[in-house]
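Please look through the sequence and the model shown below. The paragraphs after it go through the structure part by part.

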Amino acid sequence: MLAQPVAASEPRDGVIVSKAAIRAAERLGVSQRDLGTIIGVSESTVSRMKTGDFPLDRDPKAFELSLLFIRLYRSLDAIVGGDAKAAASWLKSYNTALETRPIDAVQTITGLLNVIEYLDSRRAPV
């Protein structure tokens with residue numbers, strides 16, 4: 001009997017992504033309000049994510065934006081060598097290349113993608 005293909009967003013995926021987004025936000029010093037804005041949910045939904053009452057698979061947009069936020073965190077973490085203070089400081093400091101503070105830029109989808117692209121370019125210079 002052939003195995004059934006696994007759906008892209010099974011309930012356990014939502015739980016895992018929710019936890020990872022919360023942990024990334026905590027390590028970066030991102031408030032629940034800012035995380036909510038970044039992933040497109042309310043601050044109270046972020047609070048429910050934190051307690052495990054709202055896995056992100058219920059909201060496909062928030063799920064995808066959370067994956068992008070986690071990607072941002074992983075890129076930045078690699079650049080700063082795991083130094084959470086340096087990562088948080090970078091996120092909240094003015095960046096001349098981005099012409100804004102990264103935390104302000106990531107409040108929109110376009111800004112989030114721009115910051116990820118910027119970090120990716122810094123991780124793997126050609």
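**A walk through the helices**

Arg71 and Asp120 form a salt bridge in which the closest N and O atoms are 2.4 Å apart. This pair links distant parts of the chain, since Arg71 belongs to helix H4 and Asp120 to helix H7, 49 residues apart. Arg71 counts as partly exposed, with a relative accessibility of 41%. Asp120 also counts as partly exposed, at 24% relative accessibility. The model in which this pair is found is a predicted one.

The wider setting of the pair is a chain with 7 helices and 0 strands. Along the sequence, the pattern reads α-α-α-α-α-α-α. The chain has 126 residues, and 37% of them count as buried. About 7400 Å² of the chain is exposed, and 53% of that area comes from carbon and sulfur atoms. Among the contacts in the chain with a separation of 6 or more, 61% are between residues 24 or more positions apart.

Next comes the interior. The largest nonpolar core contains 34 residues, and Leu28, Val30 and Leu72 are the ones that touch the most other members. At least two residues of this core come from each of the helices H1 (11–28), H2, H3 (43–51), H4 (60–79), H5, H6 and H7 (109–123). H4 supplies the largest share, 8 residues. Val30 shows what such a position looks like in detail. With neighbours within four places in sequence left aside, Val30 is in contact with Ala25, Leu35, Ile38, Phe69, Leu91, Lys92 and Ile103.

Two of these partners of Val30, Leu35 and Ile38, lead on to helix H2. This helix spans residues 32–39, and Leu35, Gly36, Ile38 and Ile39 are buried in it. Why do they lie on the same side of H2? They lie there because they cover an arc of only 160° around the axis. After H2 comes Gly40, which has a positive phi, near 80°.

H2 also takes part in a salt bridge. The structure holds 5 salt bridges, and one of them joins the side chains of Arg33 and Glu43, with an N to O distance of 3.4 Å. Here too the pair links distant parts of the chain: Arg33 is in helix H2 and Glu43 in helix H3, 10 residues apart. Arg33 is exposed, with a relative accessible area of 55%, whereas Glu43 is partly exposed, with a relative accessible area of 37%. A further salt bridge is formed by the side chains of Asp104 and Arg101, at 2.9 Å from N to O. Asp104 has a relative accessible area of 37% and is partly exposed. Arg101 is partly exposed as well, with a relative accessible area of 33%.

Back in helix H4, there is another arginine to look at, Arg74. Is Arg74 buried or exposed? Arg74 counts as exposed because its relative accessibility is 60%, and the cut-off for exposed is over 50%. The C-alpha atom of Arg74 is separated by 8.4 Å from that of Ala24, although the two residues are 50 residues apart along the chain.

The last stop is the loop between helix H5 (84–92) and helix H6 (102–105), where Asn95 is found. Asn95 is buried because its relative accessible area is 7%, and buried means under 20%. A polar atom of the Asn95 side chain lies 2.9 Å from the backbone nitrogen of Leu98. Not counting residues up to four places away in sequence, Asn95 touches Trp90, Thr100, Pro102 and Tyr118.

Glu99 lies in this loop between H5 and H6 too. Which sign does the phi of Glu99 have? The phi of Glu99 is positive, about 60°, although Glu99 is not a glycine. Most residues other than glycine have a negative phi. Glu99 counts as exposed, with a relative accessibility of 62%, whereas Asn95 in the loop is buried, at 7%.

Terms used. Residues numbered from 1 in each chain as written. Predicted model: local features only at pLDDT ≥ 70, side-chain atom pairs only at ≥ 80, totals over all residues. Heavy atoms only, no water. Helix = DSSP H or I, 4+ residues; strand = E, 2+ residues; numbered from the N terminus. Buried < 20%, exposed > 50% of the residue type's maximum accessible area, 1.4 Å probe, protein only. Polar contact = N/O pair within 3.5 Å; in protein donor to acceptor, adjacent residues only side chain to side chain. Contact = heavy atoms within 4.5 Å. Arc of directions from axis to C-beta. Core = buried A, V, L, I, M, F, W, Y, C linked by side-chain atoms within 4.5 Å. Areas by Shrake-Rupley, 256 points an atom, 1.4 Å probe, with all protein chains shown as cover. Salt bridge = Lys/Arg side-chain N within 4 Å of Asp/Glu carboxyl O.
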